[in-house]
Amino acid sequence: MTPKTTWLIQPFTQLSKRIFQPFFLLIGALALAFAPLSQAADDGAKVVYHVDFKDPTRYSATLTSINNIIDYYDSELMEPEIHLVFVGYGLRFTTDDDLKGTPYEAGSALKERRAELKGRLQTLMDVRNVKVHLCDKTRGEVKLPPEKVYKGIELTKSGVAKIAMLQSEGFAYLKIQ
C-alpha cells in the first residue's frame, strides 16, 4: 500500500476490530458455556427403572420419581432417555386383568388405584416419551394374552436381560424402595 491509501483503509480496520471482536468473544463464550450440558446429557440422562414388586404405593412413588427426574433434566436443558421395565409382580401394573389364580393377582389396593396408575403410566409414555417394557417370560408364565397388556408397552424376551443390556449402554439403574 502506498501512504496515500493507508489513511483510507486504517480507520475501517480499527472499526471492524471494535465491532466484530466482541461478537466473536460472545460466540466463543456461549460455546464454552453449553459444552458441559452436552457432555452431561451424554453421561447422565439415561435411566432404567425396575419394577418387580406388588405394592401400588411403591409403584406410584416410581411414577412420581420418573416424572421428577424428567422435570430435572428438562430444567437443565438435557434430553433424557428413560426406560421402565416390569418383571414378576410388576406385571400387575401393565394390564386391567385381575390375574386371578396367579401369584400376581390384583389386590383391593391395586383395584382401587388402577385407573389412576394406568393414566399416569400412559401420560409418561405418550407425553414424556418414557419407553416401557414388560418381561414376556413373566407374561407367558400366567398365560396373559399379549392384547391384554396396555398399548404402548413393548414385550421383551427377558426383563432382567433388558435391564442388563441398558446398564451396559450406560443407563443408570433405579429401583424405588
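This tour moves through the structure one selection at a time and states what is found at each stop.

**The whole chain**

Begin with the entire model, which is a predicted one. The chain has 177 residues, of which 34% count as buried. Colour the chain by secondary structure: 5 helices and 5 strands should appear. Followed along the sequence, these elements give the pattern α-β-α-β-α-β-α-β-α-β. Contacts may be considered next. Among those between residues at least 6 apart in sequence, 68% join residues at least 24 apart.

**Strands β1, β2 and β3**

Select residues 46-51, 81-86 and 131-135, which are β1, β2 and β3. How many bridges join β1 to β2? There are 6 bridges, and these two strands run parallel. To see one pairing, display His 50, whose bridge partner in β2 is Val 85. Then turn to the other pair: β2 and β3 also run parallel, and 4 bridges join them. Here, display His 83, which stands opposite Lys 131 in β3.

Two of these strands are mostly covered. In β1, 5 of the 6 residues are buried. In β3, the corresponding count is 4 of 5 residues.

**The largest nonpolar core**

In soluble globular proteins, nonpolar side chains tend to be buried together. In this model, the largest nonpolar core has 33 residues. Select Tyr 59, Leu 84, Phe 86 and Leu 121, the members that touch the most other members. Elements that each supply at least two residues of this core are β1, α2, β2, α3 and β3. Which of them gives the largest share of the core? The answer is α2, with 6 residues; select residues 56-75 to display this helix.

Now centre the view on Tyr 59. Setting aside residues up to four places away in sequence, Tyr 59 touches Val 51, Phe 53, Phe 86, Phe 93, Leu 117 and Leu 121.

A second core, of 7 residues, is separate from this one. Among its members are Val 48, Val 87, Leu 166 and Phe 171.

**The cavity**

Return to Tyr 59, one of the residues that line the largest cavity. To display the full lining, add Arg 92, Phe 93, Thr 95, Leu 110, Arg 114, Leu 117, Lys 118 and Tyr 150. The structure holds 1 cavity of 30 Å³ or more, and about 40 Å³ of space lies in the largest cavity. Which helix supplies the largest share of the lining? Helix α3, residues 108-126, does so with 4 residues. Sorted by class, the lining consists of 5 nonpolar, 1 polar and 3 charged residues.

**Two residues of helix α4**

Select residues 136-141, which form helix α4 and include Lys 137. Arg 139 is also found in helix α4. Is Lys 137 buried or exposed? Lys 137 has a relative accessible area of 55%, and because this is over the 50% cut-off, the residue counts as exposed. Arg 139 has 12% relative accessibility, which is under the 20% cut-off, so Arg 139 counts as buried.

Next, display the contacts of each residue, leaving out neighbours within four places in sequence. Lys 137 touches Thr 156 and Lys 157. Arg 139 is in contact with Leu 91, Leu 134, Leu 144, Pro 145, Pro 146, Val 149 and Leu 155. Leu 155 also serves for a distance from Lys 137: the two residues are 18 apart in sequence, and their C-alpha atoms are 9.1 Å apart in space.

**Two loop residues with positive phi**

Most residues other than glycine have a negative phi. The last two selections have positive values. Select Asn 129, which is found in the loop between α3 and β3. The phi of Asn 129 is near 65 degrees, a positive value in a residue other than glycine.

Then select Lys 143, in the loop between α4 and β4, the strand at 154-156. The phi of Lys 143 is near 55 degrees, which is likewise positive. Why does Lys 143 count as exposed? Its relative accessibility is 69%, and exposed residues are those over 50%, so Lys 143 belongs to that class.

Conventions: Residues numbered from 1 in each chain as written. Predicted model: local features only at pLDDT ≥ 70, side-chain atom pairs only at ≥ 80, totals over all residues. Heavy atoms only, no water. 1 Å grid on protein atoms, 1.4 Å probe; cavity = no way out; pocket = protein on both sides within 12 Å on 5 of 7 lines; lining within 4 Å. Points joined across faces, edges and corners; volume = space filled by probe spheres on them. Nonpolar A, V, L, I, M, F, W, Y, C, P; charged D, E, K, R; others polar. Core = buried A, V, L, I, M, F, W, Y, C linked by side-chain atoms within 4.5 Å. Buried < 20%, exposed > 50% of the residue type's maximum accessible area, 1.4 Å probe, protein only. Contact = heavy atoms within 4.5 Å. Pairing = 2+ DSSP bridges.
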